[in-house]
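Please report on the fold of this protein. Cover the sheet, the core, the ligand site and one loop residue.

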Amino acid sequence: MLKELQPQPKDKILMLMEMFKADPREQKVDLGVGVYKDANGVTPVMRAIKAAEKQLWETETTKSYTGLAGDPAFAAGMRELVLGDAVPADRVAAAATPGGTGAVRQAFDLVRMANPDVTVWVSAPTWPNHVSILKHMGIPTREYRYFDDETCAVDFDGMVADLDGLKAGDVVLLHGCCHNPTGANLTLPEFKKVAEILNAKGAIPMIDIAYQGFGDGLEADAAGVRHVVSACPESLVAASCSKNFGIYRERAGVLMAIQEDAAKTAVAQGTLNHLNRQNFSFPPDHGARLVGMILADDALKADWMAELEEMRLGMLKLREQLAEELRKLTGSDRFGFIAQHRGMFSRLGLTPEQVEKMREDHGIYMVGDSRFNVAGLNEKTVPLLAKAIAAVDK
Ligand code: PMP
C-alpha cells in the first residue's frame, strides 16, 4: 500500500539552495533561505546562548521528561517577552512546541477542535508553509489582500474590504512583525482597526511572530500583538525563538492561547497539553531551557539584547545602503520601500522572469516571488544586487 504514495512537490527554497551550491561562478550571492547571516556569511551562535549552554552543562542533573507544556520558566519568559503586561498572566495558557512551526501547527489543531467549521484567513501573500500546513490539515482558507505589488506597501484598504467577509468563529492569521515574505507591515493604528473589525465580526486573531527584535526593536515589534491581545477577548499567539535567539535547529517555540478569564484559561492549558501529547508528547527542551535561562537572568538578557540589536541595526543599514544605491542608479525613489520595509525580507515586486534573469546574468539567487533575504547581503554585495535590480528593471 505504501507504493501508492505520490512524490511531493519539492520545497522551492530548498531547491534554490541546491542550485546555488551547484553554481560554479565565483561571484554569486545567496539571498534565498531565511537564515540570519553576519557580514562574513556566518549564522553565529549568540553569546548568551553559549553562556547559558555552559551554565546548563554544569548544573543540569537530569534529562528526564519535562511537563507536557515544557519548562515553566520558558513559558513565563516568552509570555513576558511577547505580551509584556498587555493581559494578566492568568488569562494566558502557554505550551512549548517544536519551533514556531510547531506552534502554528498546534494552533490550527486547537481552532479546529473549538470550531470544526473554521475558516482560516491568510494574507496574500503569506509564509508558504502557513498555506501548506492548512492544506495538509484540510482546513478551508480564504485570502485577504495585503501586499500591493505596485507600491510594495500594505494595501490596507483592500485588507479591510476583504475582512468584511469574515464569519463569526473564523480565524485571521496575522504576522506580528517583519512580514514574511514581503517585509511590509501593519502600523499600530492599522492593528487597532483590524482588532475592531475582528471583534465586530466575532472572529479570532492568530498572530504568528517569528522575528521579534529584527524590525524596530523588541518592544516596538511586539506593539501590534500586545494591542490585539488586549483588545480582543480571545486570541492565539505562535512565537518562534529560531531567529531572535539564533537557535534554528533546537526547535524552540511557544503557543499561547489568551482567554477571557482564568477558568477558561485552565481549560485552554489542558487542551494545549493534550495536543502536545497527541502530536509529539513532550516538547524539545534544550533550546527552550536556554531561552528561559536567558530571559530570567539580567546579565544574560542584557547581553542577548545587545547582540540582537547589533543584528537588527546591521540589517537596517544594509536596507538603507541598498535603497541609496538604487536611488543613484535609477535616478528615482522607486525602490525607496526597501528602507521602509522591516525584518529579514523584502519583496521587490519583480516578475519571475526578472528574478530568473538576476540569477542567470548576475548570479543573484532569490525566491521566485522576488523575496530576498537582507541578511544574505554585506557591504560588498549590496552594489552587486543594486546593479542587477537596476539592469532587470529596465
Ligand atoms: N512563521 C514565520 C512567518 C516564519 O517565517 C517562520 C520561519 N521561517 C516560522 C513561523 C517558524 O520558524 P521555526 O519553525 O523555524 O521556528
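Two residues are in contact if their C-beta atoms, placed from the backbone, lie within 7 Å. Angles run from 0 to 180 degrees between N-to-C directions, with axes fitted to C-alpha atoms. The model discussed here is predicted.

**The sheet**

Start with a helix packed on strands. Helix α3 (residues 72–83) lies across β2, β8 (204–209), β9 and β10. Helix α3 runs at about 110 degrees to β2.

These strands belong to an open sheet of seven strands. The order is β2-β10-β9-β8-β7-β3-β4, and the pairing is mixed. Which strands form the edges? They are β2 (92–98) and β4 (141–145), each of which pairs on one side only. From one strand to the next, the twist averages 25 degrees.

The table lists three strand pairs from this sheet.

| Strand pair | Direction | Bridges | Opposed residues |
|---|---|---|---|
| β2 and β10 | antiparallel | seven bridges | Thr 97 and Gly 253 |
| β9 and β10 | antiparallel | six bridges | Ser 240 and Gly 253 |
| β8 and β9 | parallel | four bridges | Ile 209 and Ala 239 |

Gly 253 in β10 thus appears with two partners: Thr 97 is its bridge partner, and Ser 240 stands opposite Gly 253 as well.

**Two covered strands**

Is edge strand β2 mostly covered or mostly open? It is mostly covered: seven of its seven residues are buried. On one side sit Val 92, Ala 94, Ala 96 and Pro 98. On the other sit Ala 93, Ala 95 and Thr 97. Both faces of β2 are covered.

Strand β9 (residues 235–240) follows suit. Six of its six residues are buried, so β9 is largely enclosed by the rest of the structure. Ser 235, Val 237 and Ala 239 point one way. Leu 236, Ala 238 and Ser 240 point the other way. In a regular strand the side chains alternate between the two faces of the sheet.

**The nonpolar core**

The largest nonpolar core has 115 residues. Helix α11 (residues 298–330) gives the largest share of this core, eight residues. Those with the most contacts inside the core are Ala 107, Val 171, Val 172, Val 237, Val 254 and Leu 255. Val 237 is also one of the buried residues of β9.

Take Val 171 as an example. Leaving aside its neighbours within four places in sequence, Val 171 is in contact with Val 111, Val 118, Val 120, Trp 121, Ala 203, Ile 204 and Met 206. In soluble globular proteins, nonpolar side chains tend to be buried together.

**The ligand site**

How many residues surround the ligand? There are 14, and the closest are Gly 99, Gly 100, Thr 101, Ser 240 and Ser 242. Helix α4 (residues 99–114) supplies the largest share of the shell, four residues. By class, the shell has nine polar, four nonpolar and one charged residues. Ser 240 links this site to the sheet description, as a buried residue of β9.

**A loop residue**

Val 367 lies in the loop between β12 (364–365) and β13 (371–373). Is Val 367 buried or exposed? With 21 C-beta neighbours inside 10 Å, Val 367 counts as buried; the cut-off is 20 or more. Beyond its neighbours within four places in sequence, Val 367 is in contact with Lys 12, Ile 13, Leu 16, Gly 32 and Pro 181. Val 367 and Ala 231 are 136 residues apart in sequence. In space, they are 36 Å apart, C-alpha to C-alpha.

Terms used. Residues are numbered from 1 along each chain as its sequence is written. This is a predicted model: local features need pLDDT of at least 70, side-chain atom pairs count only at pLDDT 80 or more; totals for chains, interfaces and linings use all residues. A nonpolar core is a set of buried Ala, Val, Leu, Ile, Met, Phe, Trp, Tyr and Cys residues joined through C-beta atoms within 7 Å. A residue is buried if 20 or more other C-beta atoms lie within 10 Å of its own, exposed if 12 or fewer, and partly exposed in between; C-beta atoms are placed from the backbone. Two strands pair if DSSP finds at least two bridges between them. A residue is near a molecule or strand if its C-beta atom, placed from the backbone, lies within 6 Å of it. Ala, Val, Leu, Ile, Met, Phe, Trp, Tyr, Cys and Pro count as nonpolar, Asp, Glu, Lys and Arg as charged, and the others, Gly among them, as polar.
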